[in-house]
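Visitor: I am new to this structure and would like a close look at one part of it. Please take me through the place where the ligand sits.

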Amino acid sequence: MAKNAIVWGASGAIGRAFVNQLAADGWKVLGVSRHPEDLADLTDHRLTADVADPGRVREAVHAAGMTLKSLDLYVYAAGDITSVPVREMEPHDWHRILNANFSGAYLTTHHSLKLLNEGAHVVYIGAVSERLRLPGLSAYGAAKVALEAFADALKKEERKLNVLVVRPGAVDTDFWEKVPMSKPKSALSPEDVAQRTLEAIANGEKGTLDL
Ligand SMILES: NC(=O)c1ccc[n+]([C@@H]2O[C@H](COP(=O)([O-])OP(=O)(O)OC[C@H]3O[C@@H](n4cnc5c(N)ncnc54)[C@H](OP(=O)(O)O)[C@@H]3O)[C@@H](O)[C@H]2O)c1
């Protein structure tokens, strides 16, 4: 029987790679994005939501339940980055980065838990958080550290779920155009991230996965 997955941030480079790989592997995959029309070539199951909007997230999960009934995999691949010193960081930028990388993970998890089957996998795309304590990255670095603490607590609360934080190094996506740093030549492809993560969960890995 086909397994069911939901991917948040599904129009992003890594999110699309998950949707694509899951669909190719025979999963029924629901992509949630602020512009789900971008996913028309990948899946018939698409929903609109900003992960910072509690009402839209609740509605999206309700619609997911109507379509898929239950979930075997939740992937959180939304994220945003800016490089701005604290002295110049405006509150709306701070909240945008915290919402995309951290609070949205709480909100989408909070609503999705009721749909997750026993033994389901919960995957957050984090980062190598200890390497992010850099000038300009206060919001992004704090959000990725917080995401790991959140996932650790969730893992202890929801013992019948398999919670995994994926910590890619550099990935070759447009994310790098938002920061004044050079993308390393060794950057992984988004497809590598999706494939290696899906292999890891198929092997029962949980906790953290450094890529
Ligand atoms: N690229 C890297 O080197 C790298 C390395 C380590 C970790 N990561 C993590 O990987 C994840 C995906 O990044 P990516 O490289 O694939 O970048 P990306 O292509 O920019 O994807 C990020 C996605 O997040 C979505 N998003 C941001 N804020 C949102 C919100 N409030 N509501 C709904 N969606 C929102 C964006 O939606 P829109 O399309 O609507 O803007 C975009 O589709 C991020 O968490 C990032 O931190 C990336």
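Guide: What follows describes the surroundings of the ligand, and then one residue in a strand. The model is predicted. The ligand takes up the space of the largest pocket. Three elements each give two or more residues to the shell around the ligand: α1 (13-24), α3 (91-112) and α4 (138-157). In total, 25 residues surround the ligand. The closest of these are Asp-50, Tyr-140, Val-171, Thr-173 and Trp-176. Sorted by kind, the residues of the shell are 14 nonpolar, eight polar and three charged.

Some distances to oxygen atoms of the ligand can be given one by one. On the backbone side, an N or O atom of Ala-13 lies 2.9 Å from an oxygen atom of the ligand. For Ile-14, a polar backbone atom is 2.9 Å from an oxygen atom of the ligand. With His-35 it is the side chain that takes part: one of its polar atoms lies 2.8 Å from an oxygen atom of the ligand. As for cover, the ligand on its own has 880 Å² of accessible area, and the protein covers 89% of that.

The residue to end on is Ser-33, which belongs to strand β2 (residues 28-33). Ser-33 has a relative accessible area of 4%, and therefore counts as buried, the cut-off being under 20%. The side chain of Ser-33 makes a polar contact of 2.6 Å with the side chain of Ser-11.

Conventions: Residues are numbered from 1 along each chain as its sequence is written. This is a predicted model: local features need pLDDT of at least 70, side-chain atom pairs count only at pLDDT 80 or more; totals for chains, interfaces and linings use all residues. Side-chain values use heavy atoms; hydrogens and water are left out. A residue is near a molecule or strand if one of its heavy atoms lies within 4 Å of it. A polar contact is a pair of N or O atoms within 3.5 Å; within protein, one must be able to donate a hydrogen and the other to accept it, and residues adjacent in sequence count only if both atoms are side-chain atoms. Accessible areas come from the Shrake-Rupley method with a 1.4 Å probe; for residues, only the protein chains shown count as cover. On a 1 Å grid over the protein atoms alone, a cavity is a set of points where a 1.4 Å probe fits but cannot get out, and a pocket is an open set with protein on both sides within 12 Å along at least five of seven lines; lining residues have an atom within 4 Å of a point. A molecule sits in a cavity or pocket if more than half of its atoms lie within 2 Å of its grid points. Helices (H or I, at least four residues) and strands (E, at least two) are DSSP runs, numbered from the N terminus. Ala, Val, Leu, Ile, Met, Phe, Trp, Tyr, Cys and Pro count as nonpolar, Asp, Glu, Lys and Arg as charged, and the others, Gly among them, as polar. Buried means under 20% relative accessible area, exposed over 50%, partly exposed in between (1.4 Å probe, protein chains only).
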